[in-house]
Amino acid sequence: MPIIGCAANFTPNECQPFMIGKQESQMSGSAKTRVLPATLIPGDGIGPEILEAVVRVLDALGAPFAWDERHAGMAGLAASGDPLPEDTLASIRRTGLALKGPLTTPVGGGYRSVNVRLREEFQLYANVRPARTMVPGGRYENIDIVLVRENIEGFYVGFEHYIPIDGDPHAVAIGSGVNSRAGSRRIARFAFDYAVRNGRRKVTVVHKANILKALTGLFLDAAKEVAQEYAGRVQVEERIVDACAMQLVLDPWQFDVILTTNLFGDILSDEIAGLVGGLGMAPGANIGEGAAIFEAVHGSAPDIAGKGIANPVALMLAACLMLEHVNRADSARRLRTALDRVLVRDGMRTRDLGGSATTHEFADAVIRRLDG
Ligand code: NAI
Ligand code: MG
């Protein structure tokens, strides 16, 4: 089996995504202390504030990353005239590993989404978005759902154009989606492997094959075919996306791993974040064969940027996924436990969760709680 998302400078047995493989406690002394080069992209809006908080926590945790800080997004545009500067790409090519803040993308005209370009450039075909209830007393308790989203095909390929009519240059807009059998099989295999490795019982394939018969029909067929290889180990079921959206509100506990296409995954992962307290709680991992980029599901939150009140939990959880990716599952567990202690035992929360802590105060509290 290929090693997914393993940076070129990692030894294969050191880099295995998502929890399996050696734990830190089983590693040799030299593997444990090895420094791992990683690219750090502060990003736009609340990005630099939450990144600063996360890096402080990772330092206190003794995480192995040696950061190479680079710009992208509006910050890249301001620094070097390009929202995705060449030196940022070169850094990720070198490290194969990045932690990034959100990047602002202008709506409508302007440049193409830097996130989409990054995913294409490094063929980050799998987007893994776990959502777990951390703060009790919300609308839903005990949510534990992992969404696996195909990350480079579908409607995000950017095949769009206008047809001018009677002097109106934008009289008609046309957009096409692209799903390939190979790409659909690849993401399905990733989802089922993830389920097996993480002790998950079921994968729900979400599609719209009743209407988008070719585009999502192909995705569904490929997923069902791959599912057969996992018969007896992982259950499979299928849902049409609109029904799935409703079921997520009525009975989210029926879901375990959700496997879906790019656009549906984008939409459903925000919905799922809403089940666990909102976007401030939802991390994501973009995994490819040569690189992995970890980030929060949320965007640059321009409405609260610069106020020091953003919730850093989503990015801290993304850092946990990054630690697991490089086989530091023990450190990831320690950080998650500290987050649980701060959020639940101390009841300290940022404003989006009904609290009054600043980003900085929250990070200080997490650092205090790393040891109990
Ligand atoms: P958003 O996720 O930035 O914000 C939506 C709402 O959630 C806002 O009210 C915001 O204040 C709140 N929010 C988000 N993260 C929060 C946090 N950590 N703590 C507290 N509150 C938080 O979505 P929006 O406003 O639609 O997008 C803003 C920009 O971000 C756009 O340019 C968009 O393209 C970009 N974006 C970038 C992403 C990325 O880099 N991965 C992902 C999503 C959007
Ligand atoms: Mg989104």
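# Working through a predicted model

A polar side-chain atom of Asp-303 lies 2.8 Å from an oxygen atom of ligand 1. Taken alone, ligand 1 exposes 820 Å², and the protein buries 69% of that. Keep in mind that this is a predicted model. Here are some exercises to help you find your way around.

**Exercise 1. Work out which residues sit closest to ligand 1, and what kinds of residue make up its shell.**

Step one: look at the surroundings. There are 20 residues around ligand 1, and the closest are Leu-103, Asn-115, Gly-299, Ala-301 and Asp-303.

Step two: sort the shell by type. You should get nine nonpolar residues, seven polar ones and four charged ones.

Step three: go through the oxygen contacts. Ala-301 uses a backbone N or O atom, which lies 2.7 Å from an oxygen atom of ligand 1. With Lys-100, an N or O atom of the side chain is 3.4 Å from a ligand oxygen. A polar contact needs a distance within 3.5 Å.

**Exercise 2. Describe how strands β6 and β7 are put together.**

Step one: find the strands. β6 covers residues 154–165, and β7 covers residues 168–178.

Step two: check the pairing. The two strands run in the antiparallel sense and are joined over seven bridges. To pick out one of these, start at Gly-154 and go across to its bridge partner in β7, Val-178.

Step three: look at the turn. β6 and β7 make a hairpin with two residues between them. Asp-166, in that turn, has a positive phi of about 50 degrees.

**Exercise 3. Check whether the span of helix α10 agrees or disagrees with its residue count.**

Step one: count. α10 takes in residues 313–325, which is 13 residues.

Step two: work out the expected span. The rule is 1.5 Å times one less than the number of residues, so for α10 you expect 18 Å.

Step three: compare. The C-alpha atoms at the ends of α10 are 18 Å apart, so the two values agree.

Step four: see how covered the helix is. In α10, 13 of its 13 residues are buried. Just past the helix, Asn-327 has a positive phi of about 65 degrees.

**Exercise 4. Decide whether Arg-149 and Ile-258 are buried or exposed.**

Step one: recall the cut-off. Buried means under 20% relative accessible area.

Step two: try Arg-149, which is in strand β5 (residues 144–150). Its relative accessible area is 1%, so Arg-149 is buried. Its side chain also has company: a polar contact of 2.9 Å joins it to the side chain of Asn-262.

Step three: try Ile-258, in strand β10 (residues 257–260). The relative accessibility of Ile-258 is 0%, so that residue counts as buried too. Now follow the chain: Ile-258 and Arg-129 are 129 residues apart along the sequence, yet 9.7 Å separates their C-alpha atoms.

**Exercise 5. Place Gln-123 and Asn-142 in their loops, then say how exposed each one is.**

Step one: start with Gln-123. You'll find it in the loop between α5 (114–121) and β4 (126–132). Gln-123 isn't a glycine, but has a positive phi of about 50 degrees.

Step two: move on to Asn-142, in the loop between β4 and β5. Asn-142 also has a positive phi, near 55 degrees, and is a residue other than glycine.

Step three: apply the cut-offs. Exposed means over 50%, and partly exposed lies between that and the 20% limit for buried. Gln-123 has a relative accessible area of 39%, so it is partly exposed. Asn-142 comes in at 64%, so it is exposed.

Note on methods:
Residues numbered from 1 in each chain as written. Chains lettered and ligands numbered in written order. Predicted model: local features only at pLDDT ≥ 70, side-chain atom pairs only at ≥ 80, totals over all residues. Heavy atoms only, no water. Pairing = 2+ DSSP bridges. Helix = DSSP H or I, 4+ residues; strand = E, 2+ residues; numbered from the N terminus. Near = heavy atom within 4 Å. Polar contact = N/O pair within 3.5 Å; in protein donor to acceptor, adjacent residues only side chain to side chain. Areas by Shrake-Rupley, 256 points an atom, 1.4 Å probe, with all protein chains shown as cover. Nonpolar A, V, L, I, M, F, W, Y, C, P; charged D, E, K, R; others polar. Buried < 20%, exposed > 50% of the residue type's maximum accessible area, 1.4 Å probe, protein only.
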